Amino acid sequence: MDRRIFGIFVAGGSGTRMGSQTPKQFLELGGKPVLQRTIERFLEAVPDMKIITVLPKEHFGTWKELCVRYALDCPQTLVEGGFTRFHSVKNALAKVPDGSIVFIHDGVRPFVSAALIREMASMMQHGQRALVPAIPIVDTLKSKNQEEPDPDRSRLVAVQTPQVFLSEDIKAAYVQGYDTAFTDDASVAKRKKIPLTFVDGERFNIKITTPEDMELAEWLLSR
């Protein structure tokens, strides 16, 4: 029997790096908030996905107003973000039942393709335990420490979201205490020895964090 699919959208940012009074997830991109564009892309791929949106508690009202204003008509469970991304995801996972598949995605990555989302959902329904999209490193890497050798670029990848897990696996991983090394969900799962499968990510699956990112996003949308 197919597992139910949940999507956790982490959108706890304050907009500091964006230099805006408006949190970046609420900025308008092509006539819609960035977060709305992100969620709609997932619903395009998996229409019956259960949506869990993680926000600062003080922005719940703002997001509800935006959903009405921009006609985002889908049921959502709102979850209060935590002190770090780790704590935000942990709060959201409490709303996900065992026996499910859970996508965990940055709320400000609106350009992931529906095709990749569908492919990852299918792979999880057919026996994978954890999927992580990644793209090759194209820049030359240097160590700041003159005594250390430079990293081998061929052995490294740049990791993206969505990262996808069996709910019982990732919930068990998040029982661990917080560590500053937990920079994404894959790092939490790896510490728990959950086997990770890397899939081809997408070059334009960008995370919008700066004004320059927003300019690129507007250009991508125009294309």
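**Paired strands, salt bridges and a surface patch**

In this predicted model, L55 stands opposite E80 of strand β5. That pairing belongs to a parallel arrangement in which strand β4, covering residues 50-55, is joined to strand β5, covering residues 76-80, by 5 bridges. Helix α2, formed by residues 60-69, combines with β4 and β5 in a β-α-β unit, and this unit is right-handed.

The charged side chains offer a second route through the structure. Side chains of opposite charge can pair when their charged atoms come close. The model holds 10 salt bridges, and three of the pairs are described here in turn.

One of them links the side chains of K32 and E40, with a distance of 2.8 Å from N to O. Both partners are partly exposed: K32 has a relative accessible area of 25%, and E40 has a value of 23%.

Another salt bridge is formed by R41 and E44, whose closest N and O atoms are 3.5 Å apart. Both residues lie in helix α1, which spans residues 34-45, and because they are 3 residues apart there, about one helical turn separates them. R41 is partly exposed, its relative accessible area being 24%.

A further pair consists of D106 and R85, and here the closest N and O atoms lie 3.6 Å from each other. D106 belongs to strand β6 (residues 100-106) and R85 to helix α3 (residues 85-93), so this salt bridge ties together parts that are 21 residues apart in sequence. The two partners fall into separate accessibility classes, since buried means under 20% relative accessible area. D106 has a relative accessibility of 6% and therefore counts as buried, whereas R85, with a relative accessible area of 22%, is partly exposed. The pair also belongs to a network in which salt bridges with shared partners join R85, D106, R109 and D185.

The last feature to consider is a nonpolar one on the surface. V157, V159 and F198 make a nonpolar surface patch of about 250 Å². Of these residues, V159 is found in strand β8, which comprises residues 157-159. Membership of such a patch requires over 30% relative accessible area; V159 has a value of 34% and is thus partly exposed.

Notes:
Residues are numbered from 1 along each chain as its sequence is written. This is a predicted model: local features need pLDDT of at least 70, side-chain atom pairs count only at pLDDT 80 or more; totals for chains, interfaces and linings use all residues. Side-chain values use heavy atoms; hydrogens and water are left out. Patches are made of residues with over 30% relative accessible area and no salt bridge: like charges are joined within 9 Å, nonpolar side chains (Val, Leu, Ile, Met, Phe, Trp, Tyr) within 5 Å. Accessible areas come from the Shrake-Rupley method with a 1.4 Å probe; for residues, only the protein chains shown count as cover. A salt bridge is a side-chain nitrogen of Lys or Arg within 4 Å of a carboxyl oxygen of Asp or Glu. Helices (H or I, at least four residues) and strands (E, at least two) are DSSP runs, numbered from the N terminus. Buried means under 20% relative accessible area, exposed over 50%, partly exposed in between (1.4 Å probe, protein chains only). Two strands pair if DSSP finds at least two bridges between them. A crossover is right-handed if, with the strands pointing away from the viewer, the path from the first strand over the helix to the second runs clockwise.
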